[in-house]
Amino acid sequence: MAALTPLLKARGLKRHFGGVKAVDGVGLDLGPTGVHALIGPNGAGKSTLVGLLSGRITADAGIIEFAGRDITRLPAHARVRLGIAYTFQVTSIYPRLSVEDNVTLAVRHPSGDVTTAARAALARVGLDIHARQIAGDLSYGHQRLLELAMGLALTPRLLILDEPTQGLAAGEIAGFSALVRDVARDASVLLIEHNMDVVMDLADRITVLDFGRVLASGTPDAIRKDRAVQAAYLGA
Ligand SMILES: Nc1ncnc2c1ncn2[C@@H]1O[C@H](COP(=O)(O)OP(=O)(O)OP(=O)(O)O)[C@@H](O)[C@H]1O
């Protein structure tokens, strides 16, 4: 994998908010497949970093390349078109619309058969039987699956999941993890996650942020053994 060109490559990314160095010189390589987890204490800069990668937040400095192309200044919608999908930390569905309409709306540029893509995405997360239901009536766990379907309908090359298991029951987490593992077979998944069991179970690689900087990056095993990570984050 190290010899392959990464799908996404970020170097020297910076974003400060007043005196707060939310992201302060971060480099990141994401492979074309697999799960890369982004972890770190509250306020470490995880959400800001994914905001920079998805284009919702503009960088003060640094460079982001996606599939060999400089996307640093591209707006978010153009990045979606290139294959970067993003699901939010809080549910972002349209509660009054049907499940299927939510997914159809998520596919912004209507080239190709949107309905087929929407149905395939719903089937993949197991919500096809709820397609006609009003999204706001779904259970919380199903709403999170709907969000995943909205991301998958874009057939992303990179899927960014911001705390996807937050608020899910243990049984739901197992199902969700299986799905993420399946998605990561042919796409890159960047997972922001506080649940360390989920991280250690799913991640091929982990990057640890602390105070807006990369504290460590490596395999789950290397991260678990890393002294600086233990001291700053894992509390071991
Ligand atoms: N729009 C903003 N304006 C001012 N400060 C901000 C803004 N966004 C983030 N910050 C600050 O930047 C730092 C990093 O925040 P960020 O949300 O990226 O961290 P995080 O690792 O995602 O935290 P959490 O795990 O709690 O979601 C924090 O100190 C936060 O208060």
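Colleague: Which residue stands opposite Arg213 in E10?
Modeller: This is a predicted model, in which local features need pLDDT of at least 70 and side-chain atom pairs 80 or more, while totals for chains, interfaces and linings use all residues. Residues are numbered from 1 along each chain as its sequence is written. Strand E9 covers residues 205-210 and pairs with E10 (at least two DSSP bridges between them) in the antiparallel sense. Opposite Arg213 of E10 stands Asp210.

Colleague: How many bridges join E9 and E10?
Modeller: Strands (E, at least two residues) and helices (H or I, at least four) are DSSP runs numbered from the N terminus. E9 and E10 run antiparallel. The number of bridges in their pairing is five.

Colleague: Which strands form the edges of the open sheet?
Modeller: The open sheet has six strands with mixed pairing, in the order E6-E7-E8-E3-E9-E10. An edge strand of this sheet pairs on one side only. Those at the edges are E6 (84-87) and E10 (213-218).

Colleague: Which residue stands opposite Leu191 in E8?
Modeller: In the sheet order, E8 sits between E7 and E3. E3 and E8 run parallel and are joined by five bridges. Facing Leu191 of E8 is Ala37.

Colleague: On the E7 side, which residue stands opposite Leu190 in E8?
Modeller: E7 covers residues 158-162. E7 and E8 run parallel, and five bridges join them. The residue that stands opposite Leu190 is Ile160.

Colleague: Why is E8 largely enclosed by the rest of the structure?
Modeller: A residue is buried if 20 or more other C-beta atoms, placed from the backbone, lie within 10 Å of its own (exposed: 12 or fewer; partly exposed: in between). Ser188, Leu190 and Ile192 point one way from E8, and Val189 and Leu191 point the other way. E8 is largely enclosed because the number of its five residues that are buried is five.

Colleague: Which strands does H1 lie across?
Modeller: Helix H1 covers residues 46-54. Several strands of the open sheet lie along its path, including E8 (188-192). In full, H1 lies across E3, E6, E7, E8 and E9.

Colleague: Which element supplies the largest share of the shell around the ligand?
Modeller: The residues around the ligand (C-beta, placed from the backbone, within 6 Å of it) include Phe17, Val20, Ala22, Gly40, Lys46, Ser47 and Thr48. Strand E2 (20-30) and H1 each supply at least two residues of this shell. The largest share, three residues, comes from H1.

Conventions:
Contact = placed C-beta atoms within 7 Å. Axes fitted to C-alpha atoms, helices over the stretch in contact; angles between N-to-C directions.
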